[in-house]
Amino acid sequence: MSLEKKDDYDHKGWMKEKDLTPVESVFLTSLIWLDKRLRIVDYMELLETLYYRVNLQMPKSHTEQYNLDNKFWYWYPLYTLGLFSTLAYVVAAISGALLGFYYSPATTGDPSTAYNSIAFIMRDLQFGFMLRSIHRWSAQVMVAAVFLHMLRVYFTGAYKEPRELNWLLGIVLISLTMVFGYTGYLLPWDQLAYWAGQIGVEMALSVPLVGEWAAQLLFGGFSLSQATLQRMYIIHVFLLPFVVTALIAIHIGIVWVQGIAEPH
């Protein structure tokens, strides 16, 4: 007589009855071992339930509501702009991360270090010119795609109930995209970057009541310096990527839950 506690279900006997391949046997044995200790199957059932609930898209799309076979709007080019802008963002993020291995905003307190690192990438680094061009063009494509995506949402009425929250989230995303572009524009610290930064300082100072405080916070003072470049670098590399990635995930998640909004 064995004193071992018997399983509620005879998993071993069930596995012997099945004609399983070695890979299937290893997988099921591992799953059973983990389930006895961590209740893996229970969590998998919860995820399955959540998956099916999430895919109950409400309200139904126009095509589903009227049982139309022709899903023309799902393939209309303007309805791919959201995905297109997301892909451009991914390309910009990957190429930017690679550029980060060679770019330095300042190492000796001299902002010209940034310009010199860009010059090294463009002239001496193998495939550096191509890498920076990919980053620059993907960023520009993202800005254009996000702007056109916003126009499509507006003119097709996709911002209406119940999608108001996602519309507001999209407004925040396009605003952060502009900030992304502006901060990245200043990083080379060339003549274009310098005067664009000076315009930013003047714009910040023109804000009533909080203008001087905003200029001090964003640009490190009322004139451009190493502090300006350092702030732009931190915002562009360490702040915006995490915030924008999280908001994009939420934005896409809401679209997944609500379904595609076809023209009203």
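1. Helix H6 (residues 81-99) gives the nonpolar surface patch its largest share, three residues. The patch as a whole covers about 600 Å² and is built from Val90, Ile94, Leu98, Phe101, Tyr102 and Phe120. Bear in mind while looking at it that this is a predicted model.

2. Take Leu98 as one member of that patch. It sits in helix H6, and with a relative accessible area of 40% it counts as partly exposed. The patch takes residues with over 30% relative accessible area, so Leu98, at 40%, clears that bar.

3. On confidence, the chain averages a pLDDT of 86, and 85% of its residues reach 70 or more. Helix H5 (residues 72-75) is where I'd be wary: confidence in the chain is lowest there, with a mean of 54. At the other end of the scale, helix H9 (residues 164-186) has the highest confidence, at 96.

4. Now the inside. The largest nonpolar core has 35 residues, and the ones touching the most other members are Tyr89, Tyr103, Leu187, Leu229, Met232 and Val244. Quite a list of helices feeds this core with at least two residues each: H6, H7 (112-123), H8 (128-155), H9, H10 (191-205), H11 (211-219) and H12 (226-258). H12 provides the largest share, nine residues.

5. Leu187 is a handy place to start browsing the core, as one of the residues that touch the most other members. Which residues does Leu187 contact, leaving aside its neighbours within four places in sequence? They are Tyr103, Ala114, Leu229, Met232, Tyr233 and His236. Among these, Tyr103, Leu229 and Met232 are also on the list of core residues touching the most other members.

6. Arg152 deserves a look too. This arginine belongs to helix H8. Is Arg152 buried or exposed? Its relative accessible area is 12%, under the 20% cut-off, so it is buried. Beyond its neighbours within four places in sequence, Arg152 is in contact with Leu78, Tyr79, Ala158 and Ala261.

7. Last, salt bridges: the count comes to one. The side chains of Asp42 and Arg39 meet in it, at 2.9 Å from N to O. In general, side chains of opposite charge can pair when their charged atoms come close. The two partners fall into separate exposure classes: Asp42 is partly exposed, with a relative accessible area of 32%, whereas Arg39 is exposed, with 55%.

Notes
Residues are numbered from 1 along each chain as its sequence is written. This is a predicted model: local features need pLDDT of at least 70, side-chain atom pairs count only at pLDDT 80 or more; totals for chains, interfaces and linings use all residues. Side-chain values use heavy atoms; hydrogens and water are left out. Patches are made of residues with over 30% relative accessible area and no salt bridge: like charges are joined within 9 Å, nonpolar side chains (Val, Leu, Ile, Met, Phe, Trp, Tyr) within 5 Å. Accessible areas come from the Shrake-Rupley method with a 1.4 Å probe; for residues, only the protein chains shown count as cover. A salt bridge is a side-chain nitrogen of Lys or Arg within 4 Å of a carboxyl oxygen of Asp or Glu. Helices (H or I, at least four residues) and strands (E, at least two) are DSSP runs, numbered from the N terminus. Buried means under 20% relative accessible area, exposed over 50%, partly exposed in between (1.4 Å probe, protein chains only). pLDDT is the predictor's confidence in each residue, from 0 to 100. A nonpolar core is a set of buried Ala, Val, Leu, Ile, Met, Phe, Trp, Tyr and Cys residues joined through side-chain atoms within 4.5 Å. Contact means heavy atoms within 4.5 Å.
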